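Dear colleague,

I am handing over the structure we spoke about, and I would be grateful if you could look through it with the notes below at hand.

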Amino acid sequence: MSTSADTSVAARTTYEPVIGLEVHVQLLTASKIFCSCSTRFGAPPNTNVCPVCLGMPGALPVLNRKAVEFAVRAAMALNCRINETSIFARKNYFYPDLPKGYQISQYDKPLAEHGYIEVQMPKPLTAKFAKEGREGRKEDRELTTKKIGITRVHLEEDAGKSLHEGFPDSDEKTAIDLNRTGVPLIEIVSEPDIATPDEAYEYLTRLKEIILYTGVSDCNMEEGSLRCDANVSVRPRGQKELGTKAEIKNVNSFRFIREALVYEIARQVEVIESGGKVTQETRLYNSHEGKTYSMRSKEQAHDYRYFPEPDLLPLVVDEKWKAEIAKTLPELPEARRARFVSDFGVTEYDAQVLTVSKSLADQFEAAAKAAKNPKRVANLVQSELMGRLKARGVSIEQSPISMKGVAASADLVESGAISGKMLKDLYELAFERNQDFPEVYEEEGRPQQSSDTSVLEKIIEEIVAANPKQLEQYRAGKKTMLGFFVGQVMKASKGQANPQLVNELLVKKLD
Ligand SMILES: [Zn+2]
């Protein structure tokens, strides 16, 4: 990317970016927001349509109760205040994939407001380090928590889809699929609190994680269930007044949003530094070139002429309904992370990995609780599993060893059936063969273990003879010395001995 390289470091640090994000999330209802048509993805074009979502004259919308419940649940998870009364409004514009000529949305009275998401960001570099350009690795730097405000969460219907390719006459014609028309969405608008492209990335990651936990959306970006637009401007550091913003639309991954923001910030700084003015406009990001391009300027911007939707009553979510929905709210990732740290003694970092999806967190928790020693399960995840996954670049969801497998291995160590050394070997084999732990243990675990009593007795004899002082202490009543002898024997057997058997034989010998 030439722009950021051309712009001097001094120029970039003189300016401060201001970023706000608008995220559209599709709600997982079975039917559309104002009619009973199916919302199923992948149905043949224009098969999930009816007079209501096609905008036929005289057809009347009926609000989907489930869509409201899902929207309220998501807004609660985002720490929003739910407005008892909200109003649907018509957002008027012409587009071929919008048969009604307007979209039903919410405008001045949205469903929910004043929320926030907490993100963890590395602490700012000290001036000295920054000057030296020493950034260090992100995971080694101290984290600080930042609250990013959510202005509003409102309900709206989706528009249809224009298909510009895939048909024999696509070079001269555009096809329209109206299956998506009327699918329920929530729009989540952030405050312009986001200061860097990294913060934007973190905000989106946390947002998606929270929404997934609530179960109101699958947040599938490929299928368009989660879409993001970014507003970005720059201003001289210390200036109160905001600079002119550009909107970057239709970026289809969080990584590309971060890249698009990096490019766009550098571009705006360069425009200002060279004496020009940033124009207010909508821009598109080309991920192949890593650049944003102007799509339309302010002169062509829409004036939506919002007015209250006359065919729908005000939406009332009273205290009773709110309380019912609040009960469906699961424990959220942040709270769960804190609990994993306190209950299982895992690090903040590992808690983050273990709660990356609700299903993984559920699996871990169920396995840990079913095991004889939950902390040992957590320890093994940290000490044996994570490092191996990281070294192989495998996500925890694709781990050959399941959480159940980790729990099974923890129980075997706990009961003394296998040693720590054997566990490590079996984990290595599980990764090599892409098998879960119990399978590998069945095939390899038992035969490797040394349960040859005569060999063990010989080792024990030597160890006891070599440690007369410890033997004396043990016989004087210091029974904890047993652990010392077990350790010595295990070491001498290179971890191959069966610890339970060693224990038995030692007690016999020492007493
Ligand atoms: Zn319909």
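The notes that follow take up a metal site and then a single charged residue.

Please keep in mind throughout that this is a predicted model. The zinc ion has as its protein donors the SG atoms of Cys-35, Cys-37, Cys-50 and Cys-53, which lie 2.3 to 2.4 Å from the ion. The angles among these 4 donor atoms run from 100 to 114 degrees, and the site is tetrahedral. Along the sequence, the donor residues follow the spacing C-x1-C-x12-C-x2-C. Of these donors, Cys-37 and Cys-53 are 16 residues apart and link distant parts of the chain, although each of them sits in the loop between β1 (15-26) and α3 (65-77). Cys-37 has a relative accessible area of 9% and is buried, and Cys-53, at 3% relative accessibility, counts as buried as well.

The other residue to look at is Glu-156, which belongs to strand β7, spanning residues 143-157. Glu-156 is buried and yet has no salt bridge, for the nearest side chain of opposite charge, that of Lys-91, is 5.2 Å away, whereas a salt bridge would need the charged atoms to be within 4 Å. What the side chain of Glu-156 does have is a polar contact of 3.1 Å with the side chain of His-154. Leaving aside residues up to four places away in sequence, Glu-156 touches a set of residues including His-24, Ile-33, Gln-103, Ile-104 and Ser-105, and also Val-183, Pro-184, Leu-185 and Glu-187.

With best regards

Note on methods. Residues numbered from 1 in each chain as written. Predicted model: local features only at pLDDT ≥ 70, side-chain atom pairs only at ≥ 80, totals over all residues. Heavy atoms only, no water. Helix = DSSP H or I, 4+ residues; strand = E, 2+ residues; numbered from the N terminus. Buried < 20%, exposed > 50% of the residue type's maximum accessible area, 1.4 Å probe, protein only. Lys, Arg positive; Asp, Glu negative; His and termini not counted. Polar contact = N/O pair within 3.5 Å; in protein donor to acceptor, adjacent residues only side chain to side chain. Contact = heavy atoms within 4.5 Å. Donors = N, O, S within 2.8 Å, 3.2 Å for Na, K, Ca; no water. Tetrahedral: all angles 85-135°; square planar, octahedral: opposite > 155°, others 65-115°.
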